[in-house]
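Trainee: I should like to learn how the features of a structure of this kind are read. May we take them in turn?

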Amino acid sequence: MLEATQQHLTLLQTLGLNHSLRSHLAGLDWPANTDAMRVVEVQRDRVQLLGAHQRACSARIAAELQQALRDEGQSLAVGDWVLAGPDAFGEHWVRAQAPRLNALTRRNPEGLRQTLVANVDTALLVMGLDHDFNLARLDRYLVLTHAAGIASVVVLSKADRCAQVQARLAEVQAHLRACREGPQAVLAVNGTQASARESLWPWLGAGQTLVLLGSSGAGKSTLTNSLCDAHLQGTGSVREDDSRGRHTTSVRSLHRAPCGACIIDTPGLRGLQLDVNQQELAEAFDDISGLAPQCRFRNCSHQDEPGCAVRDALSAARLKSYHKLQRELGREQRTPLQRQAQLSEWKSRSREARIRIRAKSGG
Ligand SMILES: Nc1nc2c(ncn2[C@@H]2O[C@H](COP(=O)(O)OP(=O)(O)OP(=O)(O)O)[C@@H](O)[C@H]2O)c(=O)[nH]1
Ligand SMILES: [Zn+2]
């Protein structure tokens, strides 16, 4: 049994199973008749899985696992590793989930935590060299990946449509010049061509998992198709005036590239609400936290204090991003549920107070 399991695990390396995930899986209590498989797509009450047999299969989530996930406010995400197998009727069931190495999470519009993808090696932050180019949005994505401990590469797409590619590349480099743990590279590509694959070659090793992030119309699906050398993902045109896409991709899905890497395409996020605290934000802006000790005032807010080392060294745009995200976190510290709970607590307190006052005054 162990031999068979080991053989399976070796086959699964091509699906992104690395050494650490392998030990996570080996440490699970394997239910009878199950195999290790990877979640490649999440649907409403089903997931699509790929396993050692390399055939996609559709599975439902066993009630106990469903309950356990719900208790933790979690759900399965693309990239997860699970144990799944068929029942007597041939219906496949996911019975266990392996602990994740990492996950990208955001707050959904209701303020609840949502896992976007799990077990990723590199995030490609895709930004079009058209109207999509926006350094403030890039800063937001960099916080998302940094907080998850996932390496990032900035990919400026539509290089064939832009007359100032070098200037744009230099702009991004200058914007992030003081970062110690910034993106691993900043590249410009024509996502429609196979040459994009060559530019990204260092990150496309066998068993590597990459996720493409960026706004709708940035060119994520186009790049996915080029990296996978196949037309897997539908692509859509963008509006002439603002380069906005039409949200062509609607689900996250994992694809295997011929080079052996796993590519996760994602739909463009409409406004990315971060799921980080002030500490994580400060860590992601390590250019600011690194320079702050040199400011004249220990509690310098890097706004208009004299002797501010941060303001002198950073671009105004980078500092503006930081202040904006800091304000946003201050506002968003509480989720709508917590805000509602707070509101009803105030209401009941003032009701009690009114009753006390009335009782005192004998009314
Ligand atoms: N010329 C050129 N066109 C590109 C490039 N990348 C994307 N496009 C075009 O830009 C449009 C949007 O590309 P998509 O790949 O659908 O964008 P997306 O990021 O997947 O968008 P959503 O699925 O809506 O999130 C399509 O018309 C693509 O053909 C590129 O590098 N060069
Ligand atoms: Zn300062």
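Mentor: We begin with domains, whose bounds come from an automatic or database domain assignment. For the protein chain this assignment gives domain 1 (2-100), domain 2 (104-265), domain 3 (276-332) and domain 4 (337-363). Between domain 1 and domain 3, the C-alpha centres are separated by 42 Å. This is a predicted model, in which local features need pLDDT of at least 70, side-chain atom pairs count only at pLDDT 80 or more, and totals for chains, interfaces and linings use all residues. Residues are numbered from 1 along each chain as its sequence is written, and chains are lettered from A and ligands numbered from 1 in the order in which they are written.

Trainee: What average pLDDT does the protein chain have?

Mentor: The term pLDDT denotes the predictor's confidence in each residue, from 0 to 100. The protein chain averages 90, and 90% of the residues score at least 70. The model's ipTM is 0.98 and its pTM is 0.89.

Trainee: Which residues does UniProt list for "domain: EngC GTPase"?

Mentor: UniProt positions are given in the numbering used here, feature names are shortened, and annotations may be inferred rather than shown by experiment. The unreviewed UniProt entry lists residues 118-270 under that name, and residues 109-272 for "domain: CP-type G". Helices (H or I, at least four residues) and strands (E, at least two) are DSSP runs, numbered from the N terminus. Residues 118-270 are 25% helix and 21% strand, with end C-alpha atoms 20 Å apart. For residues 109-272 the content is 24% helix and 23% strand, and the end C-alpha atoms lie 9 Å apart.

Trainee: How many residues surround ligand 1, and which are the closest?

Mentor: A residue is counted as near a molecule or strand if its C-beta atom, placed from the backbone, lies within 6 Å of it. For ligand 1 there are 26 such residues, the closest being G219, S221, T235, T249 and G268. By class, 3 are nonpolar, 18 polar and 5 charged; here Ala, Val, Leu, Ile, Met, Phe, Trp, Tyr, Cys and Pro count as nonpolar, Asp, Glu, Lys and Arg as charged, and the others, Gly among them, as polar. Helix α7 (residues 220-228) gives the most to this shell, with 3 residues.

Trainee: Is α7 mostly covered or mostly open, and what follows α7?

Mentor: A residue is buried if 20 or more other C-beta atoms lie within 10 Å of its own, exposed if 12 or fewer, and partly exposed in between, with C-beta atoms placed from the backbone. In α7, 9 of its 9 residues are buried, including K220, S221 and C228. Their cover includes β8 (122-128), β9 (151-157) and α6 (195-199). After α7 comes D229, with a positive phi near 55°.

Trainee: Why is V143 classed as buried?

Mentor: V143 is buried because 22 other C-beta atoms lie within 10 Å. This residue belongs to helix α4 (residues 135-148). Two residues are in contact if their C-beta atoms, placed from the backbone, lie within 7 Å. Leaving aside neighbours within four places in sequence, V143 is in contact with L274, V276, L281, A284 and L325.

Trainee: What is the sign of phi at N33 and at H302?

Mentor: Most residues other than glycine have a negative phi. N33 has a positive phi of about 60°, and H302 likewise has a positive phi of about 60°. N33 sits in the loop between α2 (19-26) and β1 (35-42), and is partly exposed because 13 other C-beta atoms lie within 10 Å. H302 is in the loop between α9 (286-291) and α10 (309-313), and is partly exposed, with 19 other C-beta atoms within 10 Å.
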